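Student: Got a minute to look at a model with me? I'd like to talk through the rings first, then the core.
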Amino acid sequence: ALSTTEVDLAPIKVGQRITVVWRGKPVFIDHRGQKEIAAARAVPMNQLVDPQFDKDRVKKPEWLIVVGVCTHLGCIPLGQKENDPHGDYGGWFCPCHGSHYDTSGRIRKGPAPKNLLVPDYAFLTDTTIRIG
């Protein structure tokens with residue numbers, strides 16, 4: 001029963017990020033605006049530690065869904081709240097060892113070896129997803 005989580009995206013405004021729990025882990029849901037989408041798409045692959053195109057990390061460009069656990073040593077990155085540090089690339093910043101993630105959840109700076117994980121998820125309707 002806990003292997004999936006359904007989330008209603010309708011109340012999430014553009015520019016807002018929420019956190020839900022799936023399998024005991026935080027999952028970050030980011031309703032990205034055009035600026036964040038453009039920034040994520042403009043990154044040359046040769047600048048990435050773990051190269052992945054933004055389009056391969058999302059099912060719909062405006063919705064980024066990632067597991068909110070740093071791939072270095074498992075801390076929870078900051079960036080979900082408006083007043084949190086978002087790192088040098090506008091995404092998330094891990095306060096434990098200084099990893100910086102971009103608006104696609106890709107590692108850009110610091111010791112983390114991999115991008116934030118994109119969990120298996122599916123759109124059940126235009127505004128509802130099932131994670132897991």
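Student: What sits over the ring of tryptophan 92?
Tutor: This is a predicted model, and in it the charged end of arginine 17 sits over that tryptophan 92 ring, 3.9 Å from the ring's centre.

Student: OK, and which residue lies over the face of tyrosine 121?
Tutor: Lysine 59 does, at 5.1 Å from the ring centre.

Student: How many aromatic pairs are there in the whole structure?
Tutor: A search turns up 2. In one, the ring centres of phenylalanine 28 and tryptophan 92 are 5.9 Å apart with planes at 20 degrees, so that pair counts as stacked. Phenylalanine 28 is in strand S3 and tryptophan 92 in strand S5, so the pair ties together parts 64 residues apart in sequence.

Student: Are those two buried or exposed?
Tutor: Phenylalanine 28 and tryptophan 92 are both buried.

Student: And why is the pair of tyrosine 121 and phenylalanine 123 called edge-to-face?
Tutor: Because their planes are at 65 degrees, with the centres 6.2 Å apart; the cut-off for edge-to-face is over 60. Tyrosine 121 is buried too, at 6% relative accessible area.

Student: Switching to the core: which residues touch the most other members of the largest nonpolar one?
Tutor: That core has 13 residues, and the best-connected ones include Val7, Leu9, Ile65 and Ile129. Strand S4 gives the most, with 3 residues.

Student: What does isoleucine 129 touch?
Tutor: Among its contacts are Thr5, Glu6, Ile29, Tyr121 and Phe123.

Student: Where does Trp92 fit in?
Tutor: Trp92 belongs to a second, separate core of 12 residues, which also includes Val58, Leu64 and Leu116.

Notes
Residues numbered from 1 in each chain as written. Predicted model: local features only at pLDDT ≥ 70, side-chain atom pairs only at ≥ 80, totals over all residues. Heavy atoms only, no water. Phe/Tyr/Trp six-rings, centres within 6.5 Å; stacked < 30°, edge-to-face > 60°. Helix = DSSP H or I, 4+ residues; strand = E, 2+ residues; numbered from the N terminus. Buried < 20%, exposed > 50% of the residue type's maximum accessible area, 1.4 Å probe, protein only. Lys NZ or Arg CZ within 6 Å of the ring centre and 35° of its normal. Core = buried A, V, L, I, M, F, W, Y, C linked by side-chain atoms within 4.5 Å. Contact = heavy atoms within 4.5 Å. Lists of a residue's contacts leave out its neighbours within four places in sequence.
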